[in-house]
Amino acid sequence: MNATPLEWLSATDAARAIREGLISSEQLVEACLARIDAAEPAVQAWQYLDPEHARAQARACDLARSEGRPCGPLHGVPVGIKDIIDTADMPTEDGTVLHAGRTPDRDASVVALLRAAGAVIMGKTVTTECATYTPGKTRNPHNAEHTPGGSSSGSAAAVAAGMVPLALGSQTNGSVIRPAAFCGVYGFKPTHGLISRHGILKLSRALDQVGVFARTLEDAALLAEQLTGYDENDLDTRARARIPFVQTLAGEPPFAPYFAFVKTPLWERAEEATRDAFAELAGVLGDQCREHALPESLREAWDWHRTIMEADMAANLDLEWEKGRERLSDSLREQLARGRGLLALDYQKALARIPPLNQGFDELFLSYDAVLTPAAPGTAPKLATTGDPAFCTLWTLCGMPAVTLPLMKGEDGLPLGVQLVGRRGEDARLLRTARWLVSRVQAD
């Protein structure tokens, strides 16, 4: 073992150390709990945490190993779970007073897969209200006066603060990529339908996607590999062989990747420091990076996304609207009211735009390995907002895989995320391309 404190071990190293008997799961969980005790008063990443329950899971992992039972890829490794993802042994309150005290009777599919892989379900991380825009209590670990982003705020902050090596989140607009960027960790949102959403608060079938947070790309690949696959309870998943994320990530690209630097039609929202930083990054990549302009008409895609999201939210949160709208935030009430007023024709037209969009991007990926674009307009803004998701919206609408890389810092010293976007279904290749980019930047 190296001198890295246990709570800062990568999940990959921690799982290996537990398998080899160099540390126990209980030691790792205890170190994470100590770190939570130290950092939680400032960061406030957890909605529900029962230290004794976490310890009991760790002891069960250690007993299983001592008895020679099989150890899964995440055996004994603690994972944080966004509090819109059902857990049968813990409350799932969805960030709203309307669901206070709600305890599901079964795990979400992703939680069941984590348990099968040997993970310790550490606790429930803070989400914004119903995974929308109204902030929760969590603060940015780099500066408590700034937002950690949303809606997966607690998951991103917990990983960034050394409380857990891994966490789950979800994205309907920018809720994985943006908080990962603001907190300076890796956030990976796979292709739409690659990970089951069964047992997770439903906002929009067309847009909801599960994502992961980690402090290394290897860890993001390890976690994602455990979660992908067919689930009869999620009609957007399909039967397929398990994707070898870890193996693919470890390999070298057959040739140096090419990047399409895409500013999007909303480039005016990018802060000046962000524009300068990305111009510098493109310069570092030289001939491997070329600017690719999207047509100005594509600005409509942000309206299509909003139409789909708000119409679906209005349908899926209809009970909350009918029974307790006065207890919802102004922001969520306004979204639901707009959604309830949309025409079915406009909704269907917006949905019909997605396949042609993806067909156009498929052609782009004949020339490029990944799209290079900001994860957010700048670094994390001050509290009271979770930040602008505009640089995530298009890729979420299209269901394309995206990863944010903590490669830069802003003038205020806060993390400035780099987003890479890949072709639908080429998730492992995207992570391999991301590893190449990280190595290239770190070498310069």
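## Overall fold

The chain comprises 16 helices and 11 strands, in what is a predicted model. Its radius of gyration is 21 Å, close to the 22 Å that the globule rule gives for 444 residues, so the chain is as compact as a globular protein of that length. Measured out along its principal axes, the C-alpha trace spans about 60 × 55 × 45 Å, and 59% of the 444 residues count as buried.

## Backbone geometry in the loops

The loop between β3 (120-125) and α5 (153-160) holds S151, which is joined to G150 by a cis peptide bond with omega of about 5°. C130 also lies in the loop between β3 and α5, and this residue has a positive phi of about 50° although it is not a glycine. With a relative accessibility of 1%, C130 counts as buried, because the cut-off for that class is under 20%.

A positive phi, of about 55°, is likewise found at Q44, which is not a glycine. Q44 sits in the loop that runs between α2 (25-43) and β1 (46-49), and its relative accessibility of 25% makes it count as partly exposed.

## Charged surface

On the surface, a negative patch is formed by the residues E271, E272, D276, E280, E411 and D412. Of these residues, E411 belongs to the loop between β10 (402-409) and β11 (415-421), and it counts as exposed, because its relative accessibility of 77% is over the 50% cut-off.

How values were computed:
Residues are numbered from 1 along each chain as its sequence is written. This is a predicted model: local features need pLDDT of at least 70, side-chain atom pairs count only at pLDDT 80 or more; totals for chains, interfaces and linings use all residues. Side-chain values use heavy atoms; hydrogens and water are left out. Patches are made of residues with over 30% relative accessible area and no salt bridge: like charges are joined within 9 Å, nonpolar side chains (Val, Leu, Ile, Met, Phe, Trp, Tyr) within 5 Å. Accessible areas come from the Shrake-Rupley method with a 1.4 Å probe; for residues, only the protein chains shown count as cover. A salt bridge is a side-chain nitrogen of Lys or Arg within 4 Å of a carboxyl oxygen of Asp or Glu. Lys and Arg count as positive and Asp and Glu as negative; His and the chain ends are not counted. The place of a charge is taken as NZ of Lys, CZ of Arg, CG of Asp or CD of Glu. Helices (H or I, at least four residues) and strands (E, at least two) are DSSP runs, numbered from the N terminus. Buried means under 20% relative accessible area, exposed over 50%, partly exposed in between (1.4 Å probe, protein chains only). The radius of gyration is taken over C-alpha atoms; the globule rule is 2.2 Å times the number of residues to the power 0.38.
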